[in-house]
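User: I'd like a close look at one part of this model, with enough of the rest to place it. Here it is.

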Amino acid sequence: MAAASMAVSGPAGGQFLRALLRRKPVVAGLAVLLVIVALAVFAPMLSPYSPSKLSLVNRLKPPSPVNLLGTDDFGRDVFTRAAIAGRLSLLVGLSVVAVSCLLGVTLGLLAGFFRRLDAPLARLIDAMMAFPDILLAISLVAALGPSVVNVVIALGIVYAPRLARVVRASTLVIRELPYVEAARALGVSTPRIMVRHVLRNLLSPILVQGTFIFASAMLAEAGLSFLGVGVSPSVPTWGTMIAQGRQYLDQAPWILFFPGLAIVLAVLSLQLVGDGLRDLLDPRLAKDI
């Protein structure tokens, strides 16, 4: 029982952390991600400018010691707006991970543990995954209305099937393991078996998928904001900053370059961390730890 649990759940905390930090791509990804988080959290302390205060006298100023990343077409400081926009992107990413985990884990557990529910829930998951992510997200946001909460709900629904599929596949294997059969024979209740013996051993794939969903959600939120169907245009986001600065690409490319760079770095860092977690938590690669 312990051996099976270890194969699914991964190594102990200290050993796992040391093995993770030995991977240079993971360390690089964590470092970049920490910088982005620090800039987003401490933006008011790092910049004296307001993200929404207009100054037409200073419009389209290039990067300088006064304005580190220049100003936009309304004279607003690009560095301040990009840092504040990072807060929203991180908040949306974390919220989407929470919503998709709630929906995906529930659907995956039910489909994998109960044979009668497997076929209908599996078909529902496949049907949702048949739609392109961005088109389904646009449709849901258009139906719900543009707001941060509705964007989170829409993206949570969009990415839940990814997690549900992984959880279902793992549950189908775990439910047949000897320690689960032993728990059934001892009269342990089904909810207790699902939470203590099945869900507990699914934390590794859920963690890995969560990092990828986090990155995908940040990218999707930027795409929705760029298309004008995400949050309100008055709220600074990386997507809206790129959309507003595209008409000044020749005159002031810094308006969209730096928000675009922030998106690339954030998504890439999360992908690097997710790849490292996947490699370490894969039982077939346990010998590397």
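Where is Leu 60 found?

Analyst: Bear in mind that this is a predicted model. Leu 60 sits in the loop that runs between helix H4 (43-46) and helix H5 (78-113). The backbone there is worth a look: phi of Leu 60 is near 60°, a positive value in a residue other than glycine. For background, most residues other than glycine have a negative phi. As for the side of things a solvent probe would see, Leu 60 counts as buried because its relative accessibility is 13%, and the cut-off for that label is under 20%.

Now for the setting. The protein has 13 helices and 0 strands, so that loop links two helices in a pattern that reads α-α-α-α-α-α-α-α-α-α-α-α-α along the sequence. Of its 289 residues, 44% count as buried. Among contacts with a separation of 6 or more, 72% come from residues 24 or more positions apart. The C-alpha trace spans about 75 × 45 × 30 Å along its principal axes, and the protein exposes about 14,500 Å², with carbon and sulfur atoms supplying 70% of that.

There's also some enclosed space to note: the structure holds 1 cavity of 30 Å³ or more, and about 40 Å³ lies in the largest cavity. Its lining is made up of Asp 72, Asp 73, Arg 81, Met 241, Gln 244 and Ile 255. Sorted by class, that gives 2 nonpolar, 1 polar and 3 charged residues.

Note on methods: Residues are numbered from 1 along each chain as its sequence is written. This is a predicted model: local features need pLDDT of at least 70, side-chain atom pairs count only at pLDDT 80 or more; totals for chains, interfaces and linings use all residues. Side-chain values use heavy atoms; hydrogens and water are left out. On a 1 Å grid over the protein atoms alone, a cavity is a set of points where a 1.4 Å probe fits but cannot get out, and a pocket is an open set with protein on both sides within 12 Å along at least five of seven lines; lining residues have an atom within 4 Å of a point. Grid points are joined across faces, edges and corners, and a volume is the space filled by probe spheres set on the points. Ala, Val, Leu, Ile, Met, Phe, Trp, Tyr, Cys and Pro count as nonpolar, Asp, Glu, Lys and Arg as charged, and the others, Gly among them, as polar. Helices (H or I, at least four residues) and strands (E, at least two) are DSSP runs, numbered from the N terminus. Buried means under 20% relative accessible area, exposed over 50%, partly exposed in between (1.4 Å probe, protein chains only). Contact means heavy atoms within 4.5 Å. Accessible areas come from the Shrake-Rupley method with a 1.4 Å probe; for residues, only the protein chains shown count as cover.
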